[in-house]
Amino acid sequence: MRTTPPPLLTELVEGRVWASERPVWFGGVRLRARTSVIRLDDGGLLVHSPAPPTDAWVAQVAALGEVRWLVVPNCFHHLGTPAAATAFPGATVVAPPSAAARNPALRIDVALDAPAFATAVPELARVPLDGVPFLDETLLYHHATETLFGADIVLRAAEDDHWTWRLAARVTGCWKRLSVPPDVRKQVTDRDAASRSLRALRRLSVRRLVIAHGHVVDESPVEQLLAAWRRVGVEA
Ligand SMILES: [Fe+2]
């Protein structure tokens, strides 16, 4: 008997934003890692932080529309993109050049900071996190849904995370509290630049923050994000 595969995508904003999660091991702990799918004004889809695609995931995303963009949000979240680019051959790969330096298999069609991307997708604003080249992250703000998409800028452990991460999170201050990732804390090379970047978030009306490693933040998301960075010495 044929059965329909279980839904891998959760709808975060009706008809506009979906996300899926998968486990990833990093530094001896098992985190959740989120991939988001945004339906753009022209009906095309943008996949943020693509996971290594399974057939079932590809089928469910394809049922939502045509994938036009695959976005690598920083220099770490590139692992699934080469396979995603193969699964969605019509999609344009957008990534920071620093990600290509880490992954020779990554084909970048458009740099994340290139004007061409902003022109093609005007409903998304880019907020680069300057001063932390270790991460080289750029957040995306979707005006229509007032959703801010990041990857590693902050993370948080919850009750439903794996025990390894629940334990490590208690030691590193990430337990149920939005926090700068431990490996990023000592990698701020320009605090003034980071402050300026974070300050730009204050000008946005953010209803929810979608991050890679933690539940979606829908309660005072910018305030919680700024508090996390304040604790590591970056005021904004
Ligand atoms: Fe990450």
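This section describes the iron site, the largest pocket and the strand pairing of a predicted model.

The iron ion is held by three protein donors: H77 and H213, each through NE2, and D152 through OD. These donors lie 1.9 to 2.1 Å from the metal. Along the chain they follow the spacing H-x74-D-x60-H. Within this set, D152 and H213 link distant parts of the chain, being 61 residues apart. D152 belongs to the loop between β10 (147–149) and α5, while H213 belongs to the loop between β11 (208–210) and α7 (221–230). Both D152 and H213 are buried, with a relative accessible area under 20%.

The residues that bind the iron ion also appear in the description of the largest pocket. This pocket has a volume of about 530 Å³ and is lined by 27 residues. Nearest its centre lie H77, D152 and H213, together with F26 and L31. H77, D152 and H213 are thus named both among the residues nearest the pocket centre and as donors of the iron ion. In composition, the lining comprises 17 nonpolar, 7 polar and 3 charged residues. Three secondary-structure elements, β2 (17–26), β3 (29–39) and α5 (163–172), each supply at least two residues of the lining. Of the contributing elements, β2 gives the most, with 4 residues.

Strand β2 is also part of an open sheet of 7 strands, arranged in the order β1-β2-β3-β4-β5-β6-β7 with mixed pairing. The edges of this sheet are occupied by β1 and β7 (110–111); each has a single partner strand, so one side of each is left without a neighbour in the sheet. Strand β3, which likewise contributes to the pocket lining, stands between β2 and β4 in the strand order.

Both senses of pairing are represented in the sheet. Strand β1 (residues 10–13) runs antiparallel to β2, to which it is joined by 3 bridges. In this pairing, E11 of β1 stands opposite W18 in β2. The two strands form a hairpin with 3 residues between them, and G15 in the turn has a positive phi of about 75°. By contrast, strand β4 (residues 45–48) pairs with strand β5 (residues 67–71) in the parallel sense, over 4 bridges. Within that pairing, L45 has V67 in β5 as its bridge partner.

How values were computed:
Residues are numbered from 1 along each chain as its sequence is written. This is a predicted model: local features need pLDDT of at least 70, side-chain atom pairs count only at pLDDT 80 or more; totals for chains, interfaces and linings use all residues. Side-chain values use heavy atoms; hydrogens and water are left out. On a 1 Å grid over the protein atoms alone, a cavity is a set of points where a 1.4 Å probe fits but cannot get out, and a pocket is an open set with protein on both sides within 12 Å along at least five of seven lines; lining residues have an atom within 4 Å of a point. Grid points are joined across faces, edges and corners, and a volume is the space filled by probe spheres set on the points. Ala, Val, Leu, Ile, Met, Phe, Trp, Tyr, Cys and Pro count as nonpolar, Asp, Glu, Lys and Arg as charged, and the others, Gly among them, as polar. Donors are N, O and S atoms within 2.8 Å of the metal (3.2 Å for Na, K and Ca); water is not among the atoms, so sites may look incomplete. Buried means under 20% relative accessible area, exposed over 50%, partly exposed in between (1.4 Å probe, protein chains only). Two strands pair if DSSP finds at least two bridges between them.
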